[in-house]
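Q: I am just starting to read protein structures, and I would like a close look at a single part of this one. Could you walk me slowly through one strand pairing and then show me what lies around it?

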Amino acid sequence: MPELPEVETVRRGLAPTLVGARLARVETRRPNLRFPFPENFVERLTGRRIDALKRRAKYLLAELDSGETLVMHLGMSGSFRVEGSGAPGAFHFERSNALAHDHVVFTNEFGVRVVYNDPRRFGYMTLAATDTLDAHPLFRDLGVEPLGEEFNAERLAALLAGARTPLKSALLDQRRIAGLGNIYVCEALYRARLSPLREAGTLPPAKIRALAATVREVLEAAIVAGGSTLRDHRQTDGALGYFQHSFEVYDREGVACGHARCKGAIERIVQNGRSTFWCSSCQK
């Protein structure tokens, strides 16, 4: 599933085409994605201006001049492509163009089309009132944004205080921190030299500060690189994300640890059904 940096990359790619423009035409080519479209979906979008395109956790949020927000989730294989004048760039890599997988098409007032393609149909879209969005069932239980101003060592300490769950599990808990995914938690824990198995509530202040800093650093570096492009993910211009070439630990089982003076090797274990990559020699 695309993680926070991939979703932020998509947001930045779509913003020049969508923000400030009206949706002249909206097409849905099936009655549902993962879930049915809301009632009068096309009618509620057609003619509306997109005032802002934001991200909350792994959701894209298009704020409309009608007072509603178009909520979009990419699921496992969802992607957007931009067609027509104003597209963010040429396609460098082949992407799915099969009409059978083009499920939603937004055409703005300048004739530029934004096509949502999703072979597995695990993504979804809905509409919600903008002024009460935080109370919506999709968002009311989400935790702090790891790239927001409110995320710092003090907030992280409060979120982990007294937690007896493994550290990695605590960081993946979307009720604590919204949008953090498996790949970037592995990378952040490795850079902070913290064991994914350690009880989350046992970190001293110095370790909390290091972890808060590495979480932000890893996410920001991945966004600059355009994401990690595992499986089907592409940027909106068709280019692959390249942060995967900067992985220090994820998917590197058996590779020598890159930390100075550590003679260990990267191991793989399974936690809650997900692969964890770490160095047991230096991550404590």
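A: Let's start with β1 and β6, which pair in the antiparallel sense over 5 bridges. Keep in mind as you look that this is a predicted model. To find the pairing by eye, look for V26, which stands opposite F106 in β6. In general, strands of a sheet pair through backbone hydrogen bonds, and they can do so in a parallel or an antiparallel way.

Now step across to the other neighbour of β6. Strand β6 covers residues 102–108 and strand β7 covers residues 113–117, and these two also pair in the antiparallel sense, over 5 bridges. Two partners are handy landmarks here: D102 has N117 as its bridge partner in β7, and V105 has V115. Where the chain passes from β6 to β7, the two strands form a hairpin with 4 residues between them. Have a look at G111 in that turn, as this glycine has a positive phi of about 90°.

With those pieces in place, you can read the whole sheet. It is an open sheet of 4 strands in the order β1-β6-β7-β5, with antiparallel pairing. At its edges stand β1 (23–28) and β5 (79–83); each has a single partner strand, so one side of each is left without a neighbour in the sheet. From one strand to the next, the twist averages 15°.

How well covered is β6, the strand we began with? It is mostly covered, with 7 of its 7 residues buried. A helix also belongs in this picture: α1 (residues 4–18) packs on the sheet and touches β5, β6 and β7. The direction of α1 makes about 35° with that of β5.

Follow α1 a little further and you meet another sheet. This one is open too, with 4 strands in the order β2-β3-β4-β8 and antiparallel pairing. Its edge strands are β2 (50–56) and β8 (124–129), and each of them pairs on one side only. Neighbouring strands here are turned by 20° against each other on average, direction ignored. Within this sheet, 6 bridges join β2 to strand β3 (residues 59–64), and the two run antiparallel. One bridge to look for joins I50 to its partner in β3, L64. Helix α1 packs on this sheet as well, touching β2 and β3, and its direction makes about 175° with that of β2.

Finally, which helix packs against α1 at an angle of about 40°? That is α6 (residues 205–225), and the axes of the two helices are 9 Å apart. This angle makes α1 oblique to α6, and their crossing is right-handed. On the α1 side the contact is made by L4, P5, E8, T9 and R12, while α6 contributes L219, A222 and I223. Sorted by class, this contact has 5 nonpolar, 1 polar and 2 charged residues.

The same α6 also packs with helix α3 (residues 153–160), at an angle of about 110° and with the axes 9 Å apart. These two helices are therefore roughly perpendicular to each other, and their crossing is right-handed. Here A153, L156, A157 and L160 of α3 meet I208, R209, L211 and A212 of α6. By class, that contact has 7 nonpolar, no polar and 1 charged residues.

Methods: Residues are numbered from 1 along each chain as its sequence is written. This is a predicted model: local features need pLDDT of at least 70, side-chain atom pairs count only at pLDDT 80 or more; totals for chains, interfaces and linings use all residues. Side-chain values use heavy atoms; hydrogens and water are left out. Two strands pair if DSSP finds at least two bridges between them. Axes are lines fitted to C-alpha atoms, for helices over the stretch in contact, and angles run from 0 to 180 degrees between N-to-C directions. Contact means heavy atoms within 4.5 Å. Buried means under 20% relative accessible area, exposed over 50%, partly exposed in between (1.4 Å probe, protein chains only). Angles under 35 degrees count as roughly parallel, over 145 as roughly antiparallel, 65 to 115 as roughly perpendicular and the rest as oblique. A crossing is left-handed if the near helix is turned anticlockwise from the far one by less than a right angle, and right-handed if clockwise. Ala, Val, Leu, Ile, Met, Phe, Trp, Tyr, Cys and Pro count as nonpolar, Asp, Glu, Lys and Arg as charged, and the others, Gly among them, as polar.
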